Amino acid sequence: SPHIPRPAAPRLPATQNMQRLVKLLAASAAVAVASNEADTPSEKVVKMLSKLKTDVVAEGKKEDKEFEEYAKFCDKTQNEKEYQISRSEKKIAKAAASIGLLVEDVKTMGSALEKLEKDKAALEAELTAATEARTKAVQTYKASAQEMDDAITALDRATKSVAAAKDDTVGFAAMKKVANKVLNSAASLSLLELSTSQMNALDAFNAGSPGNTYSYKSGDVVSMLKGLKSTFTANRQTLDMQEEEAKGTFNKLKMNLNSQLKYLKEDIDEKTLSKSKKDAASAKLQKD
């Protein structure tokens, strides 16, 4: 710390000392004259000088005491200033260290926030992709379910029509329409599985010519149609089960992703606020 020089003790100028000496001599002379008229001149001078000596010594002691007090004041002032300087230097060093830590923390938080934002974007993209895929899957399910329902309805109608026939033969128009519908459904629905005998019978009806009649007994046709309906109904149930499973899987994924996003957003908000506070604290320390 810088050395603070002690102020010089106050000294009276030479002119003032001389003036005071003259005054003391005059006063001493007056006292000597007034004290005893019977004293000889030499005795008077001696007494006067003795008085002067006593006064000068007393004055010197007074000055020494004042100087000593002044010196103590200077020492105290110097010590206080040295303490304040030392304290200020420590405070500055501590502030510099704090600023360094704050800057490092802000940098670390900035990197952490960048990573969190990337993770958040990745989760949002995953959720968007899963939602889009699920939307398409639902559309496919609805279309397949409608296709199966239409085929089941057509089989019901055909079964009733054949069962109500007055003879044992089946006309082309009635069966070709049903066969065509069922074959189209089988071709478009990967889930639908028909047996070889069912496919052969449908191909036979579908390949017939207008006006033809078939030697199939109506009871055999009804049995075949009921078998086809059972197949469609079973596959429709399987389709519903798969849809429920897919819906449950998607809902779990969606809930998990949303939960992760929730915690990520909270973490981002918390770190953003903390980073802002540290930025402000660092700026204040630098300003101070």
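**Salt bridges and helices in a predicted model**

The side chains of Glu244 and Lys247 come together in a salt bridge, with an N to O distance of 3.5 Å. Both residues lie in helix 5, and because they are 3 residues apart there, about one helical turn separates them. Glu244 is partly exposed, since its relative accessible area is 47%; Lys247, with 34%, is partly exposed as well. The model described here is a predicted one.

It helps to step back and look at the whole protein. The fold contains 5 helices and 2 strands, and these elements follow the pattern α-α-β-α-α-β-α along the sequence. The protein has 288 residues, of which 24% count as buried. About 19,600 Å² of surface is exposed, and carbon and sulfur atoms supply 57% of that area. Among contacts with a separation of 6 or more, 84% come from residues 24 or more positions apart.

The structure holds 9 salt bridges, and the one between Asp149 and Arg236 has its closest N and O atoms 2.9 Å apart. This pair links distant parts of the chain, as Asp149 sits in helix 2 and Arg236 in helix 5, 87 residues apart. The partners have their own levels of exposure: Asp149 is partly exposed because its relative accessible area is 28%, whereas Arg236, at 17%, is buried because buried means under 20%. Asp149 and Arg236 also belong to a network of salt bridges that includes Asp240.

Another salt bridge is found within helix 2, which covers residues 41–163. Here Glu124 pairs with Lys120, and the closest N and O atoms are 3.1 Å apart. The two residues are 4 positions apart in the helix, so about one helical turn lies between them. Glu124 is partly exposed, with a relative accessible area of 30%, while Lys120 is buried, with a value of 18%.

Lys120 also offers a way to reach helix 5. Lys262 lies 142 residues from Lys120 in sequence, yet the C-alpha atoms of the two are 9.4 Å apart in space. Lys262 is placed in helix 5, which spans residues 218–287. With 45% relative accessibility, Lys262 counts as partly exposed. The side chain of Lys262 also makes a polar contact of 2.9 Å with the side chain of Glu266.

Conventions
Residues numbered from 1 in each chain as written. Predicted model: local features only at pLDDT ≥ 70, side-chain atom pairs only at ≥ 80, totals over all residues. Heavy atoms only, no water. Buried < 20%, exposed > 50% of the residue type's maximum accessible area, 1.4 Å probe, protein only. Polar contact = N/O pair within 3.5 Å; in protein donor to acceptor, adjacent residues only side chain to side chain. Contact = heavy atoms within 4.5 Å. Areas by Shrake-Rupley, 256 points an atom, 1.4 Å probe, with all protein chains shown as cover. Salt bridge = Lys/Arg side-chain N within 4 Å of Asp/Glu carboxyl O.
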